[in-house]
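The following exercises concern the surroundings of bound molecules in a protein model. Each task is followed by a solution that proceeds step by step.

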Amino acid sequence: MVRFDRVSKRYSSPGTQGGGKEALSSVNFELQRGEFAFLTGHSGAGKSTLLKLMMLMERPSRGQVIIDGQNLARLRPSQVPFHRRKVGVVFQNHQLLFDRSVFDNVALPLQIAGFTPAEAGRRVRAALDSVGLLGMEKRNPIELSGGEQQRVGIARAVVNKPPLLLADEPTGNLDPELSEEIMKLFTRFQQVGVTVLIATHDIALIERMGHRRLILDQGSMVQGQLQEGVYG
Ligand code: ADP
Ligand code: ADP
C-alpha cells in the first residue's frame with residue numbers, strides 16, 4: 001500500500017545554499033495493505049515530513065513515494081485531489097471548525113468531492129457511526145469532550161473511505177484511557193482492511209498495543225528500514 005524508495009527530503013531555507021540539513025535521509029520502507037504501524041522518534045526526527053510526503057503536502061528531494069501502486073511524482077495536477085481522497089489524515093489538534101456543526105465538519109471532504117446532499121448525509125452518518133457518535137450530527141464540536149472531538153476528526157478523515165489512514169500525534173492532548181479508546185478505533189479500521197500509520201511519542205501506549213514500529217532518528221529510519229537490493 002505504501003512504499004518509500006530511498007526518499008530524502010531537504011527543506012530549502014532562504015540564505016542557505018542548497019538548503020539546511022536533511023529532514024529525511026534515504027528512507028526505505030513498505031506498509032502492506034491492512035497493516036497497522038506506529039512511527040516514532042524524537043521531535044525533529046522527520047515524522048511529520050514523512051506523513052506530509054504521503055499527503056503531497058511536500059515533495060521529496062530524492063527518491064520515490066508509491067501509494068496504492070501510484071508513484072506520486074508521476075501524478076498529473078488533475079489527479080492530486082483524487083489521491084488526497086485516498087489518504088485520510090487525523091491531526092493532534094483535530095482542526096475542527098467551531099462555527100459549524102459536527103455534520104458539516106465531517107462532510108467537509110465530501111463537499112469538495114461534489115457529492116449530492118443525500119449521498120453526503122449517508123456517508124457522514126456511516127462515518128459517525130464508525131466512531132460511535134451517531135446522533136451527534138447537529139451538535140457543535142465545542143460542546144463535546146476532547147475525546148469526542150478527536151472522534152469527529154477521525155470521522156472526517158474516514159468519510160471518503162480511504163484505504164490509507166495517517167495520524168500525527170492523534171492522542172497528544174488526551175489522557176491514557178481516552179488515548180487507548182482512540183487507538184482501538186484505529187484498530188477497527190485496520191480490521192476492515194485500512195492501512196494505518198500513526199506518528200506518536202506515546203511509548204507506553206505503543207507497547208500496550210504491540211503493533212509494528214518504525215523509528216526515525218535525525219531523518220534516518222533506524223527501525224523498519226528495508227536494506228538496498230530487496231526490491232527486485
Ligand atoms: P517531527 O515530526 O519528527 O518532529 P519534522 O518532520 O517536523 O519532525 O522535522 C524534521 C526536520 O525538518 C526538523 O529539523 C525541522 O526543523 C525541519 N523542518 C520541518 N518542516 C520544515 C520547513 N517547512 N522548513 C524548514 N525546515 C523544516
Ligand atoms: P457501503 O456504501 O460500502 O455499503 P457505508 O458507507 O454504508 O458503505 O459504510 C459501511 C461501514 O464502513 C460504515 O459503517 C463504517 O463503519 C465503515 N467504514 C467507514 N470508513 C471506512 C473506511 N475508511 N474503510 C472501511 N470501512 C469504513
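**Exercise 1: The lining of a pocket**

The lining of the second largest pocket comprises nine nonpolar, two polar and three charged residues. The model under study is a predicted one.

Task. Describe the second largest pocket: state its volume, the number of its lining residues, and the element that gives the most to its lining.

Solution.
1. The volume of the second largest pocket is about 300 Å³.
2. Its lining consists of 14 residues. Those nearest the centre of the pocket are Val158, Lys161, Pro162, Phe189 and Val192.
3. The element that contributes most to this lining is H4, with five residues.

**Exercise 2: The occupant of the pocket**

Task. Determine which pocket ligand 2 takes up, and identify its polar contacts with Arg122, Lys161 and Pro162.

Solution.
1. Ligand 2 takes the space of the second largest pocket.
2. The residues around ligand 2 are Arg122, Ala126, Ser130, Val158, Lys161, Pro162, Phe189, Val192 and Val194. By class, six of them are nonpolar, one is polar and two are charged.
3. Helix H4, which spans residues 117-130, supplies the largest share of this shell, namely three residues.
4. A polar contact requires a pair of N or O atoms within 3.5 Å. An oxygen atom of ligand 2 lies 2.7 Å from an N or O atom in the side chain of Lys161, and a polar side-chain atom of Arg122 is 3.0 Å from an oxygen atom of the ligand. With Pro162 the partner is a polar backbone atom, 3.5 Å from a nitrogen atom of ligand 2.
5. Ligand 2 on its own exposes 570 Å², of which the protein buries 60%.

**Exercise 3: The shell of ligand 1**

Task. Which residues surround ligand 1, and how do they divide by class?

Solution.
1. The shell around ligand 1 is formed by Tyr11, Lys21, Ala23, His42, Ser43, Gly44, Ala45, Gly46, Lys47, Ser48 and Thr49.
2. Three of these residues are nonpolar, six are polar and two are charged.
3. Helix H1 (residues 47-55) provides the largest share of the shell, three residues.
4. Backbone contacts with oxygen atoms of ligand 1 include a polar atom of Gly44 at 2.6 Å and a polar atom of Ser48 at 2.8 Å. In the case of Lys21, a side-chain N or O atom lies 3.2 Å from an oxygen atom of ligand 1.
5. Taken alone, ligand 1 exposes 560 Å², and the protein buries 61% of that area.

How values were computed. Residues numbered from 1 in each chain as written. Chains lettered and ligands numbered in written order. Predicted model: local features only at pLDDT ≥ 70, side-chain atom pairs only at ≥ 80, totals over all residues. Heavy atoms only, no water. Near = heavy atom within 4 Å. Polar contact = N/O pair within 3.5 Å; in protein donor to acceptor, adjacent residues only side chain to side chain. Areas by Shrake-Rupley, 256 points an atom, 1.4 Å probe, with all protein chains shown as cover. 1 Å grid on protein atoms, 1.4 Å probe; cavity = no way out; pocket = protein on both sides within 12 Å on 5 of 7 lines; lining within 4 Å. Sits in = over half its atoms within 2 Å of the grid points. Helix = DSSP H or I, 4+ residues; strand = E, 2+ residues; numbered from the N terminus. Nonpolar A, V, L, I, M, F, W, Y, C, P; charged D, E, K, R; others polar. Points joined across faces, edges and corners; volume = space filled by probe spheres on them.
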